[in-house]
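Here's a small set of exercises to work through with the model open next to you. Try each task before you read its solution.

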Amino acid sequence: MPLVYLAVAALVIGFEQLIQWKYGPMGIIAFLALSIGIKAKNTLIGGIGAVILVMLLAH
């Protein structure tokens, strides 16, 4: 079980670094807002993060 948690943490960190490298600080802010919104079940914050990510991807 701890191996699964370690693998998931490594995946999340890798994904976060990829977003930072490709989309800069705004990508990190969007990713954090989306993940915080999902964890807190707050649709406003999650929606804002999702919209920012979509705008960055549509670039």
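## Warm-up: the whole chain

The protein chain exposes about 4,700 Å², and carbon and sulfur atoms supply 79% of that area. Keep in mind that this is a predicted model.

**Exercise 1.** Work out the overall make-up of the chain: how many helices and strands are there, and what share of the residues is buried?

*Solution.*
- Start with secondary structure: the protein chain has 2 helices and 0 strands.
- Next, get the extent: along its principal axes, the C-alpha trace spans about 35 × 30 × 15 Å.
- Then look at burial: of the 59 residues in the protein chain, 20% are buried. The cut-off to use here is under 20% relative accessible area.

## The helices

**Exercise 2.** Compare the end-to-end span of helix 1 with that of a straight helix of 39 residues, then find where helix 1 bends.

*Solution.*
- Helix 1 covers residues 2-40, and a straight helix of 39 residues would span 57 Å at 1.5 Å a residue.
- Now check the model: the end C-alpha atoms of helix 1 span only 24 Å.
- Walk along the axis and you hit a bend of about 135° at Y23. A proline, P25, follows within four residues.

**Exercise 3.** Run the span check on helix 2, and decide how its buried residues are arranged around the axis.

*Solution.*
- Helix 2 has 15 residues, which at 1.5 Å a residue should span 21 Å. Its end C-alpha atoms sit 20 Å apart, so expectation and model agree.
- List the buried residues of helix 2: G46, G49, I52 and L53.
- These cover an arc of only 130° around the axis, so they lie on the same side of helix 2.
- Flip to the other side of helix 2, and you find T43, L44, V54 and M55 exposed.

## Packing

**Exercise 4.** What do the buried residues of helix 2 pack against, and which residues does A30 touch?

*Solution.*
- The partner for the buried residues of helix 2 is helix 1.
- Look from the other direction: in helix 1, the buried residues are I19, G24, G27, I28, A30, F31, A33 and G37. Their cover includes helix 2, residues 43-57.
- Zoom in on A30, which belongs to helix 1. Its relative accessibility is 0%, so A30 counts as buried.
- Leave out residues up to four places away in sequence, and A30 touches G49, I52 and L53.
- For scale, the C-alpha atoms of A30 and N42 are 14 Å apart, with the two residues 12 places apart along the chain.

**Exercise 5.** How many aromatic pairs are there, and is the pair of F15 and F31 stacked or edge-to-face?

*Solution.*
- To count as a pair, ring centres have to lie within 6.5 Å. By this rule, the count comes to 1 aromatic pair.
- The ring centres of F15 and F31 are 5.2 Å apart and the planes meet at 65°, so the pair is edge-to-face.
- Check burial for both partners: F15 is partly exposed at 40% relative accessibility, while F31 is buried at 15%.

**Exercise 6.** Is W21 buried or exposed?

*Solution.*
- Locate W21 first: this residue is in helix 1.
- The relative accessible area of W21 is 70%, so W21 is exposed.
- For a distance check, W21 and L32 are 15 Å apart, C-alpha to C-alpha, and 11 residues apart in sequence.

## The loop

**Exercise 7.** Where does K41 sit, and what is its phi?

*Solution.*
- Place K41 on the chain: this residue is in the loop between helix 1 and helix 2, just after helix 1.
- Read off the backbone angle: phi of K41 is near 55°, a positive value in a residue other than glycine.
- Set that beside the usual pattern: most residues other than glycine have a negative phi.
- Check accessibility: K41 is exposed, with a relative accessible area of 76%.
- Finish with a long-range distance: the C-alpha atoms of K41 and L6 are separated by 24 Å, with their positions 35 residues apart along the chain.

Methods. Residues are numbered from 1 along each chain as its sequence is written. This is a predicted model: local features need pLDDT of at least 70, side-chain atom pairs count only at pLDDT 80 or more; totals for chains, interfaces and linings use all residues. Side-chain values use heavy atoms; hydrogens and water are left out. Rings of Phe, Tyr and Trp (its six-membered ring) pair if their centres lie within 6.5 Å; planes under 30 degrees apart count as stacked, over 60 as edge-to-face and the rest as tilted. Buried means under 20% relative accessible area, exposed over 50%, partly exposed in between (1.4 Å probe, protein chains only). The expected span of a helix is 1.5 Å times one less than its number of residues. The bend at a residue is the angle between axes fitted to the seven residues ending there and the seven starting there. Contact means heavy atoms within 4.5 Å. Accessible areas come from the Shrake-Rupley method with a 1.4 Å probe; for residues, only the protein chains shown count as cover. The arc is that of the directions from the helix axis to the C-beta atoms.
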